[in-house]
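Hi,

Here is the structure I said I would pass on. Have a look at it first, and then read my notes below.

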Amino acid sequence: LTEDSVGTISFESDKISMVSRMDATYFSKGNMRLGVEDSVNPGSVVIQSGSGSTGGRVDIFSGSSQTASGGGVGIAAGDGLIGGDFKVSAGNALVGKGGSVEMTSGQSTSDGGDIVFKTSSGAQSSGSILLHGGSGVSKGGSVHIQSGTASTAGQITLQAGEAENDISLVPSVVIRGSKSKDGSLVLAGVDGDVQIITESREAGP
């Protein structure tokens, strides 16, 4: 197909493999879809870079715009009797430090973008969010939460949910030091106060 022509390229086979030993570029002026047909035992789609003295990268970019919103990137696991998992993991290291996972929101001349971690609701209970540092032989990984710096510094708020009835276990915020020897819990203010305030709950009917 030439640049100005319109048509369809279709590959149909039990197994399709596209391998390039040199630079290869594929562009489409319309939509492009890579997928596997539905069946009782459908196949998988694998996108993998090459291995070598330095492993190849896999980059996925959406389009930019000067007059409207930039294109989004959506990745979703499949629905089912049990929902599919979505996993992101960095590479392991034979020697040295393992790969890192970094998520950064977009910059702006006005307000920067947000990062939202949120679990979905369930008929019985909702999902949980777990932030956990890894274990090590000499030192375990730390969990560090820090707000941003500006003329007015950002705040950090830890707040439990609201209980809809008195039968439910009253939600609470628990901050606990380590169970190991000499474990401690430190609350410190820098040029300010540390306030621990309890609030009374309105009595029910």
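**What turned up**

The protein has no secondary structure to list: zero helices and zero strands. Keep in mind as you browse that this is a predicted model.

Next, burial. Of the 205 residues in the protein, buried ones make up 0%. The accessible surface of the protein adds up to about 21500 Å², and carbon and sulfur atoms account for 49% of that surface.

On to contacts. If you take those in the protein between residues at least 6 apart in sequence, 5% join residues at least 24 apart.

Which residue does Arg57 form a salt bridge with? The partner is Asp59, and the closest N and O atoms of the pair lie 2.9 Å apart. That falls within the 4 Å cut-off, so the pair counts as a salt bridge. The structure holds one salt bridge, so if you want a spot to zoom in on, try this pair.

Are the two ends buried or exposed? Arg57 counts as exposed because its relative accessibility is 67%, which is over the 50% cut-off. Asp59, with a relative accessible area of 41%, is partly exposed.

Cheers

Technical notes: Residues are numbered from 1 along each chain as its sequence is written. This is a predicted model: local features need pLDDT of at least 70, side-chain atom pairs count only at pLDDT 80 or more; totals for chains, interfaces and linings use all residues. Side-chain values use heavy atoms; hydrogens and water are left out. A salt bridge is a side-chain nitrogen of Lys or Arg within 4 Å of a carboxyl oxygen of Asp or Glu. Buried means under 20% relative accessible area, exposed over 50%, partly exposed in between (1.4 Å probe, protein chains only). Helices (H or I, at least four residues) and strands (E, at least two) are DSSP runs, numbered from the N terminus. Contact means heavy atoms within 4.5 Å. Accessible areas come from the Shrake-Rupley method with a 1.4 Å probe; for residues, only the protein chains shown count as cover.
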